[in-house]
Amino acid sequence: MLLELALSPRAKVDVELLALSGWEALEAQDAEGALSAARRLIVLEPDDLSSLELFRVASIRAGEFALASTASLSLARFARGRRAHLLLTEAVELYLLSEDSPEGASELFEECAERGAFTPDTFRALSRRAEALDPEGQRERLSRLLSGLPEAHPLYKVAALELAFVEREHGNVRESRRWLERLGSSEALPVEALELSAELAII
């Protein structure tokens, strides 16, 4: 009843009532109702953290992972430290669960690269999604990232291998080999790198 009143097009918008109705809908397991309230709230108050949190939780419950990813990313921009890192990681994981918003890969990659919010697995998955949409742009993003990473960084070898694949796709065999060489001893290389090395050896 409260949700119906808050969402009525004839009702004067009461932000507090709308927020309360959204959280109550969520408690009642009405994810779609909560999401409807959250959508209206973020239009009215796009920078309100409580509204963004409702939007995030309701989107996850409703299985709208692309929306949830956007909400997590927005919240991360207001957060600091571990909270920001967790929200960015969540944004990537939610994005990768979605199938209907591929255009978000590049923006999300840039944000996570800037703030160091990657695991090796999410780095690879997001990089490949971004590359599929914009190969040249992702090549530039990887080059930029590697130019600022020390070789001892946990993501250095992951990023170097991704760039080796991108260069191979562009037909730049010499550059692909050069990045593979940065990975070090063949005994420690992942299978993908060994396969790429074997492929390049016969070109």
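Which residues is E162 in contact with, leaving aside its neighbours within four places in sequence? They are F123, R124, S127, R128 and L142. Contact here means heavy atoms within 4.5 Å.

This is a predicted model, in which local features need pLDDT of at least 70, side-chain atom pairs count only at pLDDT 80 or more, and totals for chains, interfaces and linings use all residues. Residues are numbered from 1 along each chain as its sequence is written, and side-chain values use heavy atoms, with hydrogens and water left out.

**The whole chain**

The protein has twelve helices and zero strands. Both are DSSP runs, numbered from the N terminus: helices are H or I with at least four residues, strands are E with at least two. The radius of gyration, taken over C-alpha atoms, is 21 Å. The globule rule (2.2 Å times the number of residues to the power 0.38) gives 17 Å for 203 residues, so the protein is more spread out than a compact globule. Its C-alpha atoms fill a box of roughly 70 × 30 × 25 Å along the principal axes.

Of the 203 residues, 43% count as buried. Buried means under 20% relative accessible area, exposed means over 50%, and partly exposed lies in between (1.4 Å probe, protein chains only). Among contacts with a separation of 6 or more, 54% join residues 24 or more positions apart.

**Two residues**

| Residue | Helix | Relative accessibility | Class |
|---|---|---|---|
| D121 | α8 | 55% | exposed |
| E162 | α10 (residues 156–169) | 1% | buried |

D121 and G184 are 63 residues apart along the chain. Their C-alpha atoms are separated by 20 Å.

**Helices α8 and α9**

Two packed helices are described by the angle between their axes and the distance between the axes. Helix α8 covers residues 120–133, and helix α9 covers residues 135–147. Their axes come within 6 Å and cross at roughly 140°. These axes are lines fitted to C-alpha atoms over the stretch in contact, and angles run from 0 to 180 degrees between N-to-C directions. The pair is therefore oblique. Angles under 35 degrees count as roughly parallel, over 145 as roughly antiparallel, 65 to 115 as roughly perpendicular and the rest as oblique.

From α8, the contact uses F123, S127, A130, E131 and L133. From α9, it uses P135, Q138, R141, L142 and L145. These residues divide into six nonpolar, two polar and two charged. Ala, Val, Leu, Ile, Met, Phe, Trp, Tyr, Cys and Pro count as nonpolar, Asp, Glu, Lys and Arg as charged, and the others, Gly among them, as polar.
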